[in-house]
Amino acid sequence: MNKLKINTWNGILSIINCFLFAASWFVIFSAAFSDVAEGGNSTDSAATFFYVMAWVGVVVSIVALYKSKKASISIVGPLLCLLGNLAFGLAAAFAFPAIVLLIIGTVFSFLQKPAKNNN
């Protein structure tokens, strides 16, 4: 069975996003307090970075999902990564569930088991 590089990259990006999402609340809150104390608008740019990373993860996960389906590889990993990135992309309040989904999805993305065919 051939392993797809897109699944490996999806897993790597999901690991990166796990760390980013875990740090996001601290970064966004500190930027907000800094904005209040000193004036400015750094909160928007900090939040935008995390949201962009989440949506990049959504796009990579969709590509991995499509290519895995075509190659008859289980789609569980890319699907869980897609849901995790999508959850954070919709609202940073979903950071914890997104991290859990990304960790589980990463494991399945790296495994790349053959899909079970129901004939």
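How far apart should the ends of helix α3 be, given its 15 residues? Let's work it out. Helix α3 runs over residues 76-90. At 1.5 Å a residue, the expected span is 21 Å. The end C-alpha atoms are 21 Å apart, so the model agrees with the expectation. And do keep in mind that this is a predicted model.

Now, what surrounds α3? Many of its residues are buried, including G77, P78, L80, C81 and L82. Further along, G84, N85, A87, F88 and G89 are buried too. The buried residues of α3 pack against three helices: α1 (5-38), α2 (42-70) and α4 (95-111).

Take F88. Leaving out residues up to four places away in sequence, F88 touches F21, S24, F50, Y51, A54, A95 and A98. F88 also belongs to the largest nonpolar core, which has 17 residues. Six members touch the most other members: L20, F21, F50, F88, A98 and L102. Each of α1, α2, α3 and α4 supplies at least two residues of this core. Which helix gives the most? That is α1, with five residues. A general point fits here. In soluble globular proteins, nonpolar side chains tend to be buried together.

On to α1 itself. Its 34 residues should span 50 Å at 1.5 Å a residue. The end C-alpha atoms are 46 Å apart, which agrees. Still, α1 has a kink of about 40°, centred on A23. Just after α1 comes G39, with a positive phi of about 80°.

Stay in α1 for S14. Is S14 buried or exposed? Its relative accessibility is 0%, so S14 counts as buried. What lies around S14? Beyond its neighbours within four places in sequence, S14 is in contact with C81, N85, L102 and T106. C81 and N85 are among the buried residues of α3. L102 is one of the core residues that touch the most other members. S14 has a polar partner as well. A polar atom of the S14 side chain lies 2.8 Å from the backbone oxygen of N10.

Last stop: A46, in helix α2. A46 has 15% relative accessibility, and buried means under 20%, so A46 counts as buried. Setting aside neighbours within four places in sequence, A46 is in contact with V27 and A31. What about A22? A22 and A46 are 24 residues apart along the chain, and their C-alpha atoms are separated by 14 Å.

Conventions: Residues numbered from 1 in each chain as written. Predicted model: local features only at pLDDT ≥ 70, side-chain atom pairs only at ≥ 80, totals over all residues. Heavy atoms only, no water. Helix = DSSP H or I, 4+ residues; strand = E, 2+ residues; numbered from the N terminus. Expected span 1.5 Å × (residues − 1). Buried < 20%, exposed > 50% of the residue type's maximum accessible area, 1.4 Å probe, protein only. Contact = heavy atoms within 4.5 Å. Core = buried A, V, L, I, M, F, W, Y, C linked by side-chain atoms within 4.5 Å. Bend = angle between axes of the 7 residues up to and from the residue. Polar contact = N/O pair within 3.5 Å; in protein donor to acceptor, adjacent residues only side chain to side chain.
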